[in-house]
Amino acid sequence: MMLSIENLNAYYGQAHVLKDVSINVNKGEVVVMLGPNGHGKSTLLKSLCGMVDYRRGKIVYKDQDIIKFSSEKIVNLGITYIAENRELFPYMSVMENLKLGAYSRNARKYEKQNLEKVFSLFPRLAERKKQYASTMSGGEAKMLAIARGLMSNADFLAIDEPALGLQPNLRVEVTKIIKEINKQGKTILVVEQNIPQITDLADKLYVLEEGRITFSGSKDDALSNEDLKEIFLGM
Ligand SMILES: Nc1ncnc2c1ncn2[C@@H]1O[C@H](COP(=O)(O)OP(=O)(O)OP(=O)(O)O)[C@@H](O)[C@H]1O
Ligand SMILES: [Mg+2]
């Protein structure tokens with residue numbers, strides 16, 4: 001097992017957002033976490049990446065409990081968070097944004113190699129190296145955020161709502177990219193609301209509601225579950 005989260009609890013002040021969340025991700029898998037707005041999906045990914053102050057439980061990554069690690073140390077271990085709201089540097093070029101993705105100790109020495117990989121995966125970015133991030137379309141910005149995440153040279157990507165706000169054709173494109181990245185060897189935990197294309201990528205699915213895991217299983221298990229079918233899978 002690559003990642004095992006056990007009884008994770010997370011808090012913002014008095015608010016108890018994650019309640020005894022346990023999930024497993026094996027090496028090479030795409031695991032999809034579905035859940036409604038505000039139920040703790042981003043908090044889960046941020047907790048994994050050391051970005052939530054008050055956490056309790058176990059986060060075991062490659063046989064090591066990382067719950068007390070700083071976000072910097074976690075990046076150096078090879079886990080990267082790709083934010084839902086893109087969080088690009090608007091007045092920097094595409095190229096500068098990508099290079100900033102390679103800031104970790106582990107990533108710097110692979111910068112050139114990873115730039116090549118990223119440009120072959122996203123030819124649109126290669127054409128726009130000098131363009132300001134702020135002038136990219138919504139879809140392009142999303143691609144840039146994923147590409148920047150790849151520059152970190154991580155083995156494990158925690159991707160927050162990659163299809164959020166995208167038109168159906170771009171959702172298909174993002175889905176293809178995630179599939180390709182996975183094929184190239186990355187293990188992926190992706191959070192989404194109800195995007196059937198993304199769900200279709202899943203080796204395993206979880207549903208998070210009100211901070212608790214209310215479903216875990218295969219895609220087939222999910223599809224034969226009437227409640228899930230209606231609420232989350234958009235079918
Ligand atoms: N930094 C913060 N400080 C205080 N409360 C927060 C903070 N971040 C999130 N919350 C609260 O924690 C709860 C879970 O938020 P979270 O962002 O994890 O939800 P989500 O499932 O990712 O939602 P969405 O689908 O809208 O992105 C929400 O009630 C939110 O208001
Ligand atoms: Mg979120």
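In this predicted model, M2 is placed in the segment that precedes β1, the strand of residues 3-12. M2 counts as partly exposed, because it has 18 C-beta neighbours inside 10 Å. Although M2 and N26 are 24 residues apart along the chain, their C-alpha atoms are separated by 5.0 Å, and N26 also appears among the residues that M2 touches once those up to four places away in sequence are left out, the others being V25, K27, K62, F156 and T187.

The protein that holds this segment contains 11 helices and 10 strands. Its radius of gyration is 17 Å, close to the 18 Å that the globule rule gives for 235 residues, and the protein is therefore as compact as a globular protein of that length. Taken along the principal axes, the box filled by the C-alpha atoms is roughly 45 × 40 × 30 Å. Of the 235 residues, 41% count as buried, and among contacts in the protein with a separation of 6 or more, 67% are accounted for by residues 24 or more positions apart.

In soluble globular proteins, nonpolar side chains tend to be buried together. Here the largest nonpolar core has 66 residues, of which V32, M33, I79, L144, A147, A158 and V190 touch the most other members. The helix α7, residues 138-150, gives the most to this core, with 7 residues. For M33, leaving aside neighbours within four places in sequence, the contacts are K41, L44, L189, V191, Y206 and L208.

One of these contacts of M33, K41, is also part of the shell around ligand 1, which is made up of Y12, A15, V17, G35, N37, G38, H39, G40, K41, S42, T43 and E84. Both β2 (15-25) and α1 (41-48) supply at least two residues each to this shell, and the largest share, 3 residues, comes from α1. Sorted by class, the surroundings of ligand 1 comprise 3 nonpolar, 7 polar and 2 charged residues.

Three loop residues can be set beside M2 in terms of their C-beta neighbours.

| Residue | C-beta atoms within 10 Å | Exposure class |
|---|---|---|
| M2 | 18 neighbours | partly exposed |
| D63 | 8 others | exposed |
| E161 | 21 others | buried |
| L166 | 18 neighbours | partly exposed |

D63 lies in the loop between β4 (54-61) and β5 (64-65), and its phi is near 70 degrees, a positive value in a residue other than glycine. E161 likewise has a positive phi, near 40 degrees, and is a residue other than glycine; its place is in the loop between β7 (156-160) and α8 (168-183). D63 is exposed, because 8 other C-beta atoms lie within 10 Å, whereas E161 is buried, because 21 other C-beta atoms lie within that distance.

The loop between β7 and α8 also holds L166, which counts as partly exposed on account of its 18 C-beta neighbours inside 10 Å. Leaving aside neighbours within four places in sequence, L166 is in contact with G138, G139, K142, R171 and V174. Between L166 and T199, which are 33 residues apart in sequence, the distance in space is 16 Å from C-alpha to C-alpha.

Definitions and conventions. Residues numbered from 1 in each chain as written. Chains lettered and ligands numbered in written order. Predicted model: local features only at pLDDT ≥ 70, side-chain atom pairs only at ≥ 80, totals over all residues. Near = placed C-beta within 6 Å. Helix = DSSP H or I, 4+ residues; strand = E, 2+ residues; numbered from the N terminus. Nonpolar A, V, L, I, M, F, W, Y, C, P; charged D, E, K, R; others polar. Rg over C-alpha atoms; globule rule 2.2 N^0.38 Å. Buried ≥ 20, exposed ≤ 12 C-beta atoms within 10 Å, placed from the backbone. Contact = placed C-beta atoms within 7 Å. Core = buried A, V, L, I, M, F, W, Y, C linked by C-beta atoms within 7 Å.
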